[in-house]
Amino acid sequence: MAARKGRRRTCETGEPMEAESGDTSSEGPAQVYLPGRGPPLREGEELVMDEEAYVLYHRAQTGAPCLSFDIVRDHLGDNRTELPLTLYLCAGTQAESAQSNRLMILRMHNLHGTKPPPSEGSDEEEEEDEEDEEEQKPQLELAMLPHYGGINRVRVSWLGEEPVAGVWSEKGQVEVFALRRLLQVVEDPQALAAFLRDEQAQMKPIFSFAGHMGEGFALDWSPRVPGRLLTGDCQKNIHLWTPTDGGSWHVDQRPFVGHTRSVEDLQWSPTENTVFASCSADASIRIWDIRAAPSKACMLTTATAHDGDVNVISWSRREPFLLSGGDDGALKIWDLRQFKSGSPVATFKQHVAPVTSVEWHPQDSGVFAASGADHQITQWDLAVERDPEAGDVEADPGLADLPQQLLFVHQGETELKELHWHPQCPGLLVSTALSGFTVFRTISV
């Protein structure tokens, strides 16, 4: 199936994606495995990753799993494609006990690409391969702070030259942490050891707000006004934070009124300083303008955006589109110029469980990714059209009923929670799940 813009449409690959039989006496060709479509795995069959479908693929563990993370923009340059790669994440744990949680900076480096298939060669070549393998081992450093209570969501922003993290705690408060020291020590093993020994226990948030009266998940920094923050809770309330002189914040005690159930996600407009979107367990998506009083700030509403909870939204930075994912497993695209109609311009149904994360590609306007509780990450391209002369469908009729905009299905994670495109490394996706972090780039994007 051909795709415009030179893309390869790769629905038959992913991690893991092909089913192979453990019974070598009756071994046949590898078959495509698509969750929720076609026959389930039989006894003796296992799923095998197709490494040729990935440009880069790495996994990492941090002890307790992380429900949320964000990518920290760095000073290593934009449009980085040369390998090996280095990246920085800020993440928060969901440990079994409240006192065991951590807010952490992860430095992942020496990230090389996937290896070509092995070829038969001499012992000398094998020794060289072993040496290369040792040199190409991925590296991970962690700089951590103790945090009382599980961390529901983490979002990073730069206030001038100062990196900060907004953190939603399961204990009901939202905190802001300075990240500069963590980013410094994660570069130097000796400094990191000294920090963990002498400093980490003393580091506290630079600001904390407990006015939500309960926990929440929704949180977004303005991309246009440094320091401006929105937070939404499970009690249906949304509060606006305004930065003040001296590195503090004024939090408006008057919540934005409109939703009737938990506020699940918030997104500032990338083009207008005062406009934001919200989604809720009340099934609605709302557009707001903070220039109005909080009780009158809701300007547009789609009351039944999904069949059930609307879990996540992403506002495109390049088109007037809002992307949403819900408990119904649907992905919907809303043209904000037609939002009053209450109808999405596109609906995609590939996930067979609630959608847990969605995000538009930062550079490519028609591309987005989604994760679901069905352990899938899907990559999509709105510009793709099926080529009727391509032979993929004839070769595998199981692909015929897949949405033509579906580029890639990645599997192999357990309980996927969140994903983000790296803003400085085109096509690079990072996800967090119960099974840990995954960093990968596919041949499709």
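# Strand pairing and a cavity in a predicted model

Q: How many bridges join β25 to strand β26 (residues 367-372)?
A: In this predicted model, β25 and β26 run antiparallel. One bridge pair places valine 355 with glycine 372 in β26. The total number of bridges joining β25 to β26 is 5.

Q: Which strands stand at the edges of the open sheet that contains β25 and β26, and why is one side of each left without a neighbour?
A: The open sheet has 4 strands, in the order β25-β26-β27-β28, with antiparallel pairing. A strand at an edge has a single partner strand, so one side of it is left without a neighbour in the sheet. The edge strands are β25 (355-360) and β28 (406-410).

Q: By how many degrees are neighbouring strands of this sheet turned against each other on average?
A: The sheet concerned is the open one in the order β25-β26-β27-β28. With direction ignored, the average turn between its neighbouring strands is 15 degrees.

Q: Which strands stand at the edges of the open sheet that contains β14 and β15?
A: In this sheet 4 strands follow the order β13-β14-β15-β16, and the pairing is antiparallel. Each edge strand has a single partner, so one of its sides has no neighbour in the sheet. From one strand to the next, the twist averages 25 degrees. The two edge strands are β13 (216-221) and β16 (248-251).

Q: Which residue in β16 stands opposite proline 243?
A: Strand β15 (residues 238-244) pairs with β16 in the antiparallel sense over 4 bridges. Proline 243 lies opposite a residue of β16, namely tryptophan 249.

Q: Which residue in the turn between β10 and β11 has a positive phi?
A: Strand β10 (residues 162-169) runs antiparallel to β11 and is joined to that strand by 5 bridges, with glycine 166 opposite valine 176. The two strands form a hairpin with 4 residues between them. The positive phi, of about 105 degrees, belongs to glycine 172.

Q: In β12, which residue is the bridge partner of valine 174?
A: Strand β11 (residues 174-178) is mostly covered, with 4 of its 5 residues buried. Besides the pairing with β10, β11 is joined by 3 antiparallel bridges to strand β12 (residues 207-209). Within β12, valine 174 has as its bridge partner phenylalanine 209.

Q: Which residues of β30 point the other way from Leu429, Ser431 and Ala433?
A: In a regular strand, side chains alternate between the two faces of the sheet. Strand β30 has 5 of its 5 residues buried, and Leu429, Ser431 and Ala433 point one way from the strand. The residues that point the other way, also buried, are Val430 and Thr432.

Q: Through how many residues does a hairpin join β30 to β31?
A: Strand β30 has an antiparallel pairing with strand β29 (residues 416-421) over 5 bridges, in which leucine 419 stands opposite serine 431. Strand β30 also pairs in the antiparallel sense with β31, over 5 bridges, and leucine 429 has phenylalanine 440 as its bridge partner there. The number of residues in the hairpin connection from β30 to β31 is 2.

Q: Which elements give two or more residues to the lining of the largest cavity?
A: The search of the whole structure finds 1 cavity of 30 Å³ or more, and about 30 Å³ of space lies in the largest cavity. Its lining consists of Gln61, Thr62, Gly63, Ala64, Pro65, Cys66, Thr432, Ala433, Gly436 and Phe437. The elements giving two or more of the lining residues are β30 (429-433) and β31 (436-442).

Q: By class, how many charged residues does the lining of the largest cavity have?
A: The lining has 5 nonpolar and 5 polar residues. The count of charged residues in the lining is therefore stated as none; by class, the charged total is no residues.

Q: Is glycine 63 buried or exposed?
A: Glycine 63 is among the residues lining the largest cavity and is placed in the loop between β4 (54-60) and β5 (66-71). Its C-alpha atom is separated by 8.7 Å from that of alanine 95, 32 residues apart along the chain. The relative accessible area of glycine 63 is 62%. Because the cut-off for this class is over 50%, glycine 63 is exposed.

Q: How far apart are the end C-alpha atoms over residues 348-382?
A: The unreviewed UniProt entry carries the annotation "repeat: WD" for residues 256-291, 303-337 and 348-382. Over residues 256-291 the chain is 0% helix and 47% strand, with the end C-alpha atoms 12 Å apart. Over residues 348-382 the chain is 0% helix and 51% strand, and the separation of the end C-alpha atoms is 11 Å.

Notes
Residues numbered from 1 in each chain as written. Predicted model: local features only at pLDDT ≥ 70, side-chain atom pairs only at ≥ 80, totals over all residues. Heavy atoms only, no water. Pairing = 2+ DSSP bridges. Axes fitted to C-alpha atoms, helices over the stretch in contact; angles between N-to-C directions. 1 Å grid on protein atoms, 1.4 Å probe; cavity = no way out; pocket = protein on both sides within 12 Å on 5 of 7 lines; lining within 4 Å. Points joined across faces, edges and corners; volume = space filled by probe spheres on them. Nonpolar A, V, L, I, M, F, W, Y, C, P; charged D, E, K, R; others polar. UniProt positions renumbered as here; feature names shortened; annotations may be inferred. Buried < 20%, exposed > 50% of the residue type's maximum accessible area, 1.4 Å probe, protein only.
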